[in-house]
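Please describe the strand pairing, the surface and the largest pocket of the structure shown here.

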Amino acid sequence: MEENIPVPPTPQAVFKRHENFESWYSNNVQIQPTEWDLKLFFGEMEVQDRTVFVQQHTAIVQSWLQVKIMHYFLTLQLGAYELTHGKIPVPQSVIPAEPVPPSGDLDTPDTRMLYEYMKKVRDEFIASLTE
């Protein structure tokens, strides 16, 4: 039988911008995971003489819990935008490459499981472009 354990009320959030708050544009994000958190490097990409340059300007580090919550809200925002405005076209040139299956000494049950997961997520992403 379930116990009725009282849940404390969620405190109200108050948002205040830091005195050094800045707003930047980013069209490039690089990701650096660790066991404890995820670091996101934001920058602006430019192409000059057929060479891609990325000027990174900001790095944000978030805990994995915050990443999971952010994933939920980003999924909602993207879905709402596409419901209102239609699917966002993704050029073939920026579609993530297929993951490479592990081989040799790197072919272990764990790396095989990770490969299968990466392949599944990419396949779902590709399918979502035409739904």
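The report below covers strand pairing, a surface patch and a pocket in turn.

## Basis

The model is predicted.

## Strand pairing

Strand E1, residues 28-33, pairs with strand E2, residues 37-48, through six bridges in the antiparallel sense. Within this pair, Val-29 is opposite Phe-42 of E2. Three residues separate E1 and E2, and the two strands form a hairpin.

E2 also runs antiparallel to strand E3, residues 51-63, and 12 bridges join E2 to E3. Here Leu-38 faces Gln-62 of E3 across the pair. E2 and E3 form a hairpin as well, with two residues between them. Asp-49, in that turn, has a positive phi of about 50°.

## Nonpolar surface patch

Leu-65, Ile-69, Tyr-72, Phe-73 and Leu-76 make a nonpolar patch of about 520 Å² on the surface. One of these residues, Tyr-72, belongs to helix H1, which spans residues 64-85. Tyr-72 counts as partly exposed because its relative accessible area is 47%, and the partly exposed class lies between the limits of 20% and 50%.

## Largest pocket

The largest pocket holds about 1,600 Å³ of space. Its lining consists of 27 residues, of which His-71, Leu-74, Thr-75, Leu-78 and Phe-125 are the closest to the centre. E1, E2, H1 and helix H2 (109-128) are the elements that each give two or more residues to this lining. The greatest contribution is from H1, with 11 residues.

How values were computed
Residues numbered from 1 in each chain as written. Predicted model: local features only at pLDDT ≥ 70, side-chain atom pairs only at ≥ 80, totals over all residues. Heavy atoms only, no water. Pairing = 2+ DSSP bridges. Helix = DSSP H or I, 4+ residues; strand = E, 2+ residues; numbered from the N terminus. Patch = residues over 30% accessible without salt bridge, like charges linked within 9 Å, V, L, I, M, F, W, Y side chains within 5 Å. Areas by Shrake-Rupley, 256 points an atom, 1.4 Å probe, with all protein chains shown as cover. Salt bridge = Lys/Arg side-chain N within 4 Å of Asp/Glu carboxyl O. Buried < 20%, exposed > 50% of the residue type's maximum accessible area, 1.4 Å probe, protein only. 1 Å grid on protein atoms, 1.4 Å probe; cavity = no way out; pocket = protein on both sides within 12 Å on 5 of 7 lines; lining within 4 Å. Points joined across faces, edges and corners; volume = space filled by probe spheres on them.
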